[in-house]
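Please find below my notes on the model, set out as numbered points for discussion. They begin with the ligand site and then turn to backbone geometry and to a few individual residues.

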Amino acid sequence: MQLLNLKNQALALIDQAGSPEELKQLQIDLLGRKSELNQTLKTLAKLPPEEKINLGRQVNETKNAIESALNERRQQLGGRTDQWLDVTAPGKQPPLGHLHPISQAIEEIQRLFEHLGFTRVRYPEVDWDWYVFEALNMPADHPARDEWETIFIDAPKHPKLGQMVLTTHTSNGQVREMERVKTPPIRMLNIGKCYRRQQDPTHTVMFHQFEGLVIDKGISIPHLKGTLDYFGREFFGPKIKSRIRPFHFQFTEPSFEVDFTCTACSGRGCRFCKSGWVEVGGAGMVHPNVLKAGKIDPRVFSGFAFGWGVERVLRLKPGLNIDDIRMLYSSQPEFLNQF
Ligand code: DAH
């Protein structure tokens, strides 16, 4: 009788419970070590055998009834039940990251040029004035230096190599590579970070360039043009052609600006390109003074070089339409997940 009361009271309490937490507490109170039911269980030992069996059964029934009432209510309240597991339910897939679009572009550029026998190298991001300007035929105070909005490092000057600067272009790798290889042939691809004081939709303070340098006996402009056409075809698409226009750089003679067929209009001319061509960067035949700075004899060897922005060529890839390259460095997953 006493147990029947206990059970009815317990079931009423469970029915009124309003949250999984309350149910948890009830479970402790009704079935735990200090519960009335458990105390009753302890008295069993002292009872004569028939009474023991009888009471034992009642205690068990009460316990089972309370347990299933607890489970039922838990399900009604939307809490977790320990009794049910769907082993066929699909697992949760953790989100997977991927390489940043610029890293992807760098890998692709590297692979393309490796097919032509270029070796990828890396040279310092913080370099001496000598490698960035002076050895590239730009003596101190030369007005051509104004083109590069240079960020200088506030550190003591090197007696021979001058001041430290953040590399403004990957051309700093040219003379460093000549020093490393010493005797041509040289087929260098230098990809690295560059820095300039600039910020607008098509420029960021930090950006990436890739620089090609080929030096050997008998290298001439057709070798450069062939390399440019190869890059255009492979990187932008089979119908893309290159065009070189006369220009001026201190470290090349002759110098060119390099255009590719506009990928947005396939060269017909559009709002974006106007002429059907889009400029990607500079190139030219390595200036004799630059070869001399790298201790290579310009009477024996000649070479070509080019240097372009990774962000710039990525932006021009068909279908990408990146209006504002600052987005690439915005750390916005919504933007980056598209690549
Ligand atoms: N360094 C130049 C720049 O950043 C680009 C360039 C022009 C690189 C001509 C070259 C070259 O190798 O031959 O604007």
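**Notes on the ligand site and selected residues**

1. The largest pocket is the space that the ligand takes up. The model is a predicted one, and the remarks that follow should be read with that in mind. As for the secondary structure around this site, the elements that each give two or more residues to the shell around the ligand are β5 (206–216), β8 (277–286) and β9 (302–309).

2. There are 16 residues around the ligand, and those that come nearest are His 169, Ser 171, Arg 196, Gln 209 and Glu 211. Sorted by class, the shell around the ligand is made up of 6 nonpolar, 8 polar and 2 charged residues.

3. Which atoms of the ligand are paired with polar atoms of Trp 148, Ser 171 and Phe 306? For Trp 148, a polar side-chain atom lies 3.4 Å from an oxygen atom of the ligand, whereas for Ser 171 a polar side-chain atom lies 2.9 Å from a nitrogen atom of the ligand. With Phe 306 the protein partner is a polar backbone atom, and it is 3.3 Å from an oxygen atom of the ligand. On its own the ligand has 360 Å² of accessible area, and the protein covers 93% of it.

4. Two cis peptide bonds deserve a look during any check of the backbone. One runs from Pro 184 to Pro 185, with omega near 15°, and Pro 185 is found in the loop between α7 (172–181) and β4 (186–195). Another cis peptide bond joins Glu 253 and Pro 254, with omega at about -5°; here Pro 254 belongs to a strand, namely β7 (residues 252–261).

5. Lys 295 is not a glycine, yet its phi is positive, at about 60°. The residue is found in the loop between α9 (288–293) and β9. Because its relative accessible area is 73%, which is over the 50% cut-off, Lys 295 counts as exposed.

6. Ser 331 also has a positive phi of about 60° although it is not a glycine, and its place is the loop between α10 (310–315) and α11 (333–336). Is Ser 331 buried or exposed? Its relative accessibility is 60%, and therefore Ser 331 counts as exposed.

7. Asp 129 is found in helix α6 (residues 129–132). Its relative accessibility is 10%, so Asp 129 counts as buried, the cut-off for that class being under 20%. The side chain of Asp 129 is joined to the side chain of Arg 145 by a polar contact of 2.8 Å.

8. Thr 40 is found in helix α3 (residues 36–43). With a relative accessibility of 19%, Thr 40 counts as buried because the class takes in values under 20%. Along the chain, Thr 40 and Gly 78 are 38 residues apart, and their C-alpha atoms are separated by 32 Å.

Conventions:
Residues numbered from 1 in each chain as written. Predicted model: local features only at pLDDT ≥ 70, side-chain atom pairs only at ≥ 80, totals over all residues. Heavy atoms only, no water. Near = heavy atom within 4 Å. Polar contact = N/O pair within 3.5 Å; in protein donor to acceptor, adjacent residues only side chain to side chain. Areas by Shrake-Rupley, 256 points an atom, 1.4 Å probe, with all protein chains shown as cover. 1 Å grid on protein atoms, 1.4 Å probe; cavity = no way out; pocket = protein on both sides within 12 Å on 5 of 7 lines; lining within 4 Å. Sits in = over half its atoms within 2 Å of the grid points. Helix = DSSP H or I, 4+ residues; strand = E, 2+ residues; numbered from the N terminus. Nonpolar A, V, L, I, M, F, W, Y, C, P; charged D, E, K, R; others polar. Buried < 20%, exposed > 50% of the residue type's maximum accessible area, 1.4 Å probe, protein only.
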